[in-house]
Amino acid sequence: ENHFISYDIIVIVIGENVLISGFGKSFMKEKAEHRGRNPTTNEDLIFAPMKGVNFKCSGKVRELGNGK
């Protein structure tokens with residue numbers, strides 16, 4: 001099973017940050033209104049502000065990813 005997705009669901013439902021020591025943290029982040037474009041029609045769009053789940057890895061994981 002994919003336990004990482006389970007932690008993101010906890011963040012969405014409970015609204016609390018989830019910290020996995022030595023791995024990283026999942027948290028809610030407000031995303032501002034922004035402009036975009038439909039690539040099929042080239043129509044300009046304005047996306048409304050929203051909340052989304054973000055993940056920040058720990059320094060140890062970052063070092064492993066960078067080959068150190």
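**A predicted α/β chain and its strand pairings**

Read from the N terminus onward, the protein chain follows the pattern α-β-β-β-β-β-α. The coordinates belong to a predicted model. In total, the protein chain holds two helices and five strands. Of its 68 residues, 13% count as buried. The surface that the protein chain exposes comes to about 5700 Å², and carbon and sulfur atoms supply 54% of this area. Among contacts between residues at least 6 apart in sequence, 36% join residues at least 24 apart.

The description may begin at the N-terminal helix. Helix α1 spans residues 3-14, and V13 is found in it. V13 has a relative accessible area of 66%; the threshold for exposed is over 50%, so V13 is exposed. Together with I9, I10, I12 and I14, V13 makes a nonpolar surface patch of about 490 Å².

The sheet follows. Strands of a sheet pair through backbone hydrogen bonds, either parallel or antiparallel. Here, three strands form an open sheet in the order β1-β2-β5, and the pairing is antiparallel. Strands β1 (18-20) and β5 (50-57) stand at the edges with a single partner strand each, so one side of each is left without a neighbour in the sheet. On average, and with direction ignored, neighbouring strands of this sheet are turned by 30 degrees against each other.

The two pairings of this sheet can be taken in turn. Strand β2 comprises residues 24-31 and pairs with β1 in the antiparallel sense over three bridges. One position in this pairing is I20, whose bridge partner in β2 is G24. The two strands form a hairpin with three residues between them, and in the turn G22 has a positive phi of about 80 degrees. On the other pairing, β2 and β5 are joined in the antiparallel sense over eight bridges. G24 takes part here too, standing opposite C57 in β5.

What lies beyond the end of β5? The loop between β5 and α2 (59-65) is the place of S58. The relative accessibility of S58 is 16%, and buried means under 20%, so S58 counts as buried. With residues up to four places away in sequence not counted, S58 touches G22, F23 and G24. Of these contacts, G22 is the residue with positive phi in the turn of the β1-β2 hairpin, and G24 is the bridge partner of I20.

Residue K25 gives a further view of strand β2, in which it is found. Its relative accessibility is 33%; this value falls between the limits of 20% and 50%, and K25 therefore counts as partly exposed. Apart from residues up to four places away in sequence, K25 touches N17, V18, L19, N54, F55 and K56. For one of these, F55, the C-alpha atom is separated from that of K25 by 5.6 Å, although the two residues are 30 apart along the chain.

How many salt bridges does a search of the whole structure find? The search finds one. It is formed by E30 and K51, with the closest N and O atoms 3.8 Å apart. This pair links distant parts of the chain, since E30 is in strand β2 and K51 is in strand β5, 21 residues apart. Is E30 buried or exposed? At 56% relative accessibility, E30 counts as exposed. K51 is likewise exposed, with a relative accessible area of 56%.

The remaining strands, β3 and β4, pair in the antiparallel sense over four bridges. R35 is one residue in this pairing, and its bridge partner in β4 is I46. The hairpin of β3 and β4 has six residues between the strands. Within the loop between β3 (34-37) and β4 (44-47) lies N42. Phi of N42 is near 60 degrees, which is a positive value in a residue other than glycine.

Definitions and conventions: Residues are numbered from 1 along each chain as its sequence is written. This is a predicted model: local features need pLDDT of at least 70, side-chain atom pairs count only at pLDDT 80 or more; totals for chains, interfaces and linings use all residues. Side-chain values use heavy atoms; hydrogens and water are left out. Two strands pair if DSSP finds at least two bridges between them. Axes are lines fitted to C-alpha atoms, for helices over the stretch in contact, and angles run from 0 to 180 degrees between N-to-C directions. Buried means under 20% relative accessible area, exposed over 50%, partly exposed in between (1.4 Å probe, protein chains only). Contact means heavy atoms within 4.5 Å. Patches are made of residues with over 30% relative accessible area and no salt bridge: like charges are joined within 9 Å, nonpolar side chains (Val, Leu, Ile, Met, Phe, Trp, Tyr) within 5 Å. Accessible areas come from the Shrake-Rupley method with a 1.4 Å probe; for residues, only the protein chains shown count as cover. A salt bridge is a side-chain nitrogen of Lys or Arg within 4 Å of a carboxyl oxygen of Asp or Glu.
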